[in-house]
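Me: I'd like to go through this one with you, question by question. Can you take it from the atoms up?

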Amino acid sequence: MGETAWDTANRWVTAARFAVTMLVGLVRVSTGSRRTWPMATWRQLHELGTTALPVVLLLTGLIGLTLALLMGQQLAQYGASIHLATLMGVAFIREVGPLLTAVILAGRSGSAITAELASMKVQEEVDALRTMGADEASFLVAPRLLALVLSTPILALLASICGILAGLVIAMVQLGISSDTYFQVLLEAVEAKDILFLWLKSAVFASIIAFLACRIGLATHGGSDAVGRATTKTVVAGIFWTVIADCIFALVLYL
Amino acid sequence: MNASSTHPEAALSVRNLRAGYGSREILKGVSLEVMPGEIRVLLGGSGCGKSTMLRNILGLEKPWSGSIRILGSDGPIEHGRIGVLFQNGALVTSLTVGQNVMLPLVLDGVAPKGAAEEVARARLSQVRMGHAWNLFPGELSGGMRKRAALARALVREPRILFCDEPSAGLDPLTSRELDELLQELRDSLGLSVVLVTHELDSIRTLAERILYLHQGEVLFDGTLPDALDHGPDRVKDFFARRTDPANAIPTTTWEVLP
């Protein structure tokens, strides 16, 4: 029992230390006191952000269609079809857009980061970088963290818009609501602070995913089987902690 | 003990190094000295502590006790003065060969376009890899990867080169070419070389002195002829079994014991 508590405490201390190292690495790269490969952040932005766009838009669009269809039928029974716009706006901007984007990125980008770093670790590339004087937090972690934090809010916003547009399709086709009316009701329901919170939540989710993916990747030991295990661990931990963070946000912002 | 007072000229001086993982002690007070321009070979059976010793010298692990003095300094390693050739090359797979070789210079603040590229191209030509500038590590053979990694290790003009089993996974011909290349570079650049290897051909070609480790302790420290004439039985047997294929089957009692 005591040993388990000690191990848990040790894990949290190590995690906290890694978080500090990660932030220091980010500051060092931002201030130019440590160097990474030129354009590394741009490359990561492309790989973690741009290439994730189609799957994020497709999935949020499909979920938007499904939700709008189900909610539209219920609202129509009470003669409140017009409120589909309200529900879609509030649900997607405040919750579904950021959360679904984060879950997709935890599975896609988080696993990609872990797989890459874990492979580098087991193939001694990380050791080689250290012997060259590279600081792994600046060279490897900072570009990935920065890329995810910058791209996730944009992806979440686009995902929310995609979900809302899917709602518009259902509103027009199934409920006979015009696009003008849909957007008018939508803009009345959604406030500027909702967009701000979307941005903030997404940035926090991105930090959690980047932190876990880099930490698990760089802590990998062993052979190629260890890479597989690390990747799975990142996906599970990424989704778990993102949902926990989302719940905390909901309690703090909307309770 | 102050190593510098007894061996002021050593490029690398390791004194009474104790190291391990967790509570398991791997190195039990190992000492090693490498003179400037010398090729020193570390050898021994699997698990004897060669890699742990190298990792401690390179600062990748923290020793339990003892001192490590590199090029007159026992402070933090000056990365520009050492080069490391890892077992599988350890090239960064997302960068091209040219970018890999430029990497140490970029980390020093040299712009990739211009001076860094010029130096990197020269080093790649020196290891006969000039044609591979735009290739990715995944497109190279094992021998080419090692040569590219060697170019990267030498791009900062280090004074000591550490090589971890450079012949591992290479055919005999490629292995010999790499050995010749190492010797050529040592002669032209005046490097000290610390080589971890099991390959007898490499040891014969390159070793000026060997350090034989067994169960974390130094079993023999001296030249190869001395090892063959006056070394402990285990060391003689190590060479005998590798020299004569007929002796490849265990012949002594301790070898068949668990």
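Me: Let's start with helix H3 (residues 97–107) of chain B. How many of its 11 residues are buried?
Reply: Keep in mind that this is a predicted model. Buried here means under 20% relative accessible area. Among the residues of H3(B) that pass are B:Val97, B:Gly98, B:Asn100 and B:Leu107. The helix is largely enclosed by the rest of the structure, because the count of buried residues is 10 of the 11.

Me: What covers the buried residues of H3(B)?
Reply: Both chains chip in. From chain B, the cover includes helix H4 (112–126) and helix H5 (142–154). From chain A, it includes helix H5 (125–131) and helix H6 (136–173).

Me: Which residue just after H3(B) takes a positive phi?
Reply: Look just past the end of H3(B), where phi is about 100 degrees. The residue with that positive phi is B:Gly109.

Me: Now the interface. How much area do chain B and chain A bury between them?
Reply: The contact involves 27 residues of chain B and 19 residues of chain A. Carbon and sulfur atoms carry 65% of the buried area. The total comes to about 1900 Å².

Me: Which residues in chain B lose the most area to chain A?
Reply: Three residues top the list for chain B, and together they make up 26% of what that side buries. One of them, B:Leu107, is also among the buried residues of H3(B). The three are B:Leu60, B:Phe86 and B:Leu107.

Me: Which side chains meet in the salt bridge between B and A?
Reply: Across this interface the rule finds one salt bridge. Its N to O distance is 2.7 Å, and the cut-off is 4 Å, so the pair qualifies. The partners are B:Arg55 and A:Asp127.

Me: How many salt bridges does the structure hold over all chains?
Reply: One example is A:Arg28 with A:Asp135, at 2.9 Å from N to O. A:Arg28 lies in helix H1 of chain A and A:Asp135 in the loop between H5 and H6, so that pair ties together parts 107 residues apart in sequence. Over all chains the total is 24.

Me: Is A:Asp135 buried or exposed?
Reply: Its partner A:Arg28 is partly exposed, at 30% relative accessible area. A:Asp135 has 14%, and the limit for burial is 20%. That makes A:Asp135 buried.

Me: How far apart in sequence are the parts that A:Asp194 and A:Arg94 tie together?
Reply: These two form a salt bridge with the closest N and O atoms 2.9 Å apart. A:Asp194 is buried at 1% relative accessible area, while A:Arg94 is partly exposed at 23%. Since A:Asp194 lies in helix H8 of chain A and A:Arg94 in helix H4 of chain A, the gap is 100 residues.

Me: And where do A:Glu116 and A:Arg43 lie?
Reply: They form a salt bridge too, with N and O 3.7 Å apart. Both are partly exposed: A:Glu116 at 22% and A:Arg43 at 31%. A:Glu116 lies in helix H4 (residues 84–122) of chain A, and A:Arg43 in helix H2 (residues 40–49) of chain A.

Me: On to the rings. How many aromatic pairs are there over all chains, and is the pair of A:Phe18 and A:Phe211 tilted or stacked?
Reply: The count over all chains is seven aromatic pairs. For A:Phe18 and A:Phe211, the centres are 5.8 Å apart and the planes stand at 55 degrees. Stacked would need under 30 degrees and edge-to-face over 60, so this pair is tilted.

Me: Which residues form one aromatic cluster with A:Trp241?
Reply: A:Trp241 and A:Phe240 are an edge-to-face pair, 5.2 Å centre to centre with 90 degrees between the planes. Both are partly exposed, A:Phe240 at 47% and A:Trp241 at 34%. The cluster partners of A:Trp241 are A:Trp12 and A:Phe240.

Me: Last one: why does B:Cys163 have no disulfide?
Reply: B:Cys163 is buried, at 0% relative accessibility. A disulfide needs the sulfurs within 2.5 Å, and the structure holds zero of them over all chains. For B:Cys163 the closest cysteine sulfur is too far for a bond, because it sits in B:Cys48 at 17 Å.

Terms used: Residues numbered from 1 in each chain as written. Chains lettered and ligands numbered in written order. Predicted model: local features only at pLDDT ≥ 70, side-chain atom pairs only at ≥ 80, totals over all residues. Heavy atoms only, no water. Buried < 20%, exposed > 50% of the residue type's maximum accessible area, 1.4 Å probe, protein only. Phe/Tyr/Trp six-rings, centres within 6.5 Å; stacked < 30°, edge-to-face > 60°. Contact = heavy atoms within 4.5 Å. Buried area = accessible area lost by both parts, 1.4 Å probe. Helix = DSSP H or I, 4+ residues; strand = E, 2+ residues; numbered from the N terminus.
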